[in-house]
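Hi,

Here is the structure I promised to pass on. Have a look at it first, and then read my notes underneath.

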Amino acid sequence: MTAPPPSVWATLQTLASSMDFQTKVYRNDTSGLYLWVSYVEPMINMETVVRSIFPYLFHCPFSSLEDIRQVLPIDDAYISSDPNDVKEKLLEGYLFIRLHETDETGLLVKAQKTLERTLTIPEVEFSVVGPKESFIESLETNLYLLRKRIPIDRLTVKMTSVGTLSKTKIAVVYIDGIANPDNVQTVLQRIEQVEFDEMIDSSYIVQIISDNRHSPFPQLLDTERPDRVAAVLAEGKVAIMVDGSPHVLIGPTTLVEFFSSFEDYFLSWTIASFFRLIRLFSVTFSILITPIYVATLNYHYELIPKDLLGTLITSRREIPFPPILEVLFLELTIELLREAGARLPTKVGQTIGIVGGIVIGTASVEAGLTSNVLLILVALAALASFTTPVYKIGNTIRLMRFPFILFAEMWGLLGVAFCFCIVMTHLLYLTSLGRPFLAPLYPPRWRDLKDAFIRLPFTSQSKRPETLRTKQPIRFDQKKAREKRDIDE
């Protein structure tokens, strides 16, 4: 035998066990009727209640809830007797008004308190040129920033909620007629299948709906820039916005996009392409330089030039440890300094990072624990890893360095090559929302290389990425654009 559904009165009694839930009785001066007003106090904007609701409840004549709804200058007000609806709206910041204490039907009136920080400049994806707005924790504000940049009716927003406790609002945004319906359906289906009690941030969504949840590589790109989200939506991608998170997720994405800064599009294509190549070289250098150092000193002395060999021997003459321990000591020291600088307050963290690095590095060389050559290499590797414009891929690079070091210790450069093959095999199998993560390299899409390692001029990017398989692959008529430019000239 199933239990009867809870009534509105039972729902109010359950909420009344919390001390911030209030039920107060007021008398209308004109009709003499009494009103029972219930609300969750921290969620209510009392200024709105006192200014826009109470004067009408106290002084306007009424005989029913419909009369009250008609006189109130609040658009979001309706009559409900659904216990679940009443509970949900009370917890969101609504008043529940009844004519009698035990009534099952009442008037829900929105009086929600909204507290949010003001718009600020991007902190993680800061750029010298370009817009200076960034997303905040309010979903409504973030949607406004997006619609302001794409004021078309085809910009579609699908709303849902996730979390049995948090009831977090999630918006899936795409441009109808451009985005591939399969990509949109994949995102919606995966979000609907999420079973979790508390959804705090968009980072939770990434870990739950990613194609490979055990991969160290992020498979959805997160950004705090509205201009970047607007640009990728025009390409045919899908955005996931989470209420309470200042970061928006973008998918499907590729590995190359994690090394592309959106500032590249605000610079000339030659300068932007040069910066992209610098980042790719820096990442490769950051991952491989210390493993090559270990492999060379252990197995491949013949690869070292004679002029440099003497310097290496002199720097390591008094070092009591093998190269592997020397490298791990410095690498872990760098990681400790990074974590200490990130967790401490900003000014203290900067001081710890600079002073700590200088003091520890100098002391370790003078104490004979590490060589000065390795200290320079590790410092350059750490500096090179900071060139990644996306924070999450930077964490992946920090982690990848250690397997390469261990393989270099076991088998030298052959071990480095073997570890590289393992990583490449993993990337070949990796997908983002079902799309190849290594595109346009694999499968080869040569046309998409125009905005990969280098960025060609906008006039050469008349088609959307082939990998996305958009419904409208042509962005603009290249021939017509060329004719217009010739006329203007």
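Below is what turned up, going from the sheet to the surface patch and then the cysteines.

Before anything else: this is a predicted model, so please read everything here in that light.

Let's start with the sheet. It is open and has five strands in the order β1-β2-β4-β5-β3, with antiparallel pairing. The edges are taken by β1 and β3 (77–80); each has a single partner strand, so one side of each is left without a neighbour in the sheet. From one strand to the next, the twist averages 25°.

Two of the pairings are worth a click. Strand β1 covers residues 21–27 and strand β2 covers residues 34–40; the two run antiparallel and are joined by seven bridges. If you want a landmark there, take phenylalanine 21, whose bridge partner in β2 is valine 40. The hairpin of β1 and β2 has six residues between the strands, and glycine 32 in that hairpin takes a positive phi near 80°. The other pairing is β4 (residues 94–98) with β5 (residues 106–110), again antiparallel, over four bridges. Here you can look for isoleucine 97, which stands opposite leucine 107 in β5.

Next, the surface. There is a nonpolar patch made of Leu406, Met410, Trp411, Leu414, Phe418 and Ile422, and together these residues have about 620 Å² of accessible area. Tryptophan 411 belongs to helix α14, which spans residues 391–429. With a relative accessibility of 44%, tryptophan 411 counts as partly exposed.

Finally, the cysteines. How many disulfides does a search of the whole structure find? Zero. Cysteine 419 is in no disulfide, and the nearest cysteine sulfur to its own is that of cysteine 421, 9.3 Å away. Why is there no bond from cysteine 421 either? Because the closest cysteine sulfur, in cysteine 419, is 9.3 Å from the sulfur of cysteine 421, which is too far for a bond; a disulfide would need the two sulfur atoms within 2.5 Å. As for their surroundings, cysteine 419 is buried, at 3% relative accessible area, whereas cysteine 421 is partly exposed, at 45%.

That's the tour. Send me your thoughts once you have had it open for a while.

Cheers

Technical notes
Residues are numbered from 1 along each chain as its sequence is written. This is a predicted model: local features need pLDDT of at least 70, side-chain atom pairs count only at pLDDT 80 or more; totals for chains, interfaces and linings use all residues. Side-chain values use heavy atoms; hydrogens and water are left out. Buried means under 20% relative accessible area, exposed over 50%, partly exposed in between (1.4 Å probe, protein chains only). Patches are made of residues with over 30% relative accessible area and no salt bridge: like charges are joined within 9 Å, nonpolar side chains (Val, Leu, Ile, Met, Phe, Trp, Tyr) within 5 Å. Accessible areas come from the Shrake-Rupley method with a 1.4 Å probe; for residues, only the protein chains shown count as cover. A salt bridge is a side-chain nitrogen of Lys or Arg within 4 Å of a carboxyl oxygen of Asp or Glu. Two strands pair if DSSP finds at least two bridges between them. Axes are lines fitted to C-alpha atoms, for helices over the stretch in contact, and angles run from 0 to 180 degrees between N-to-C directions.
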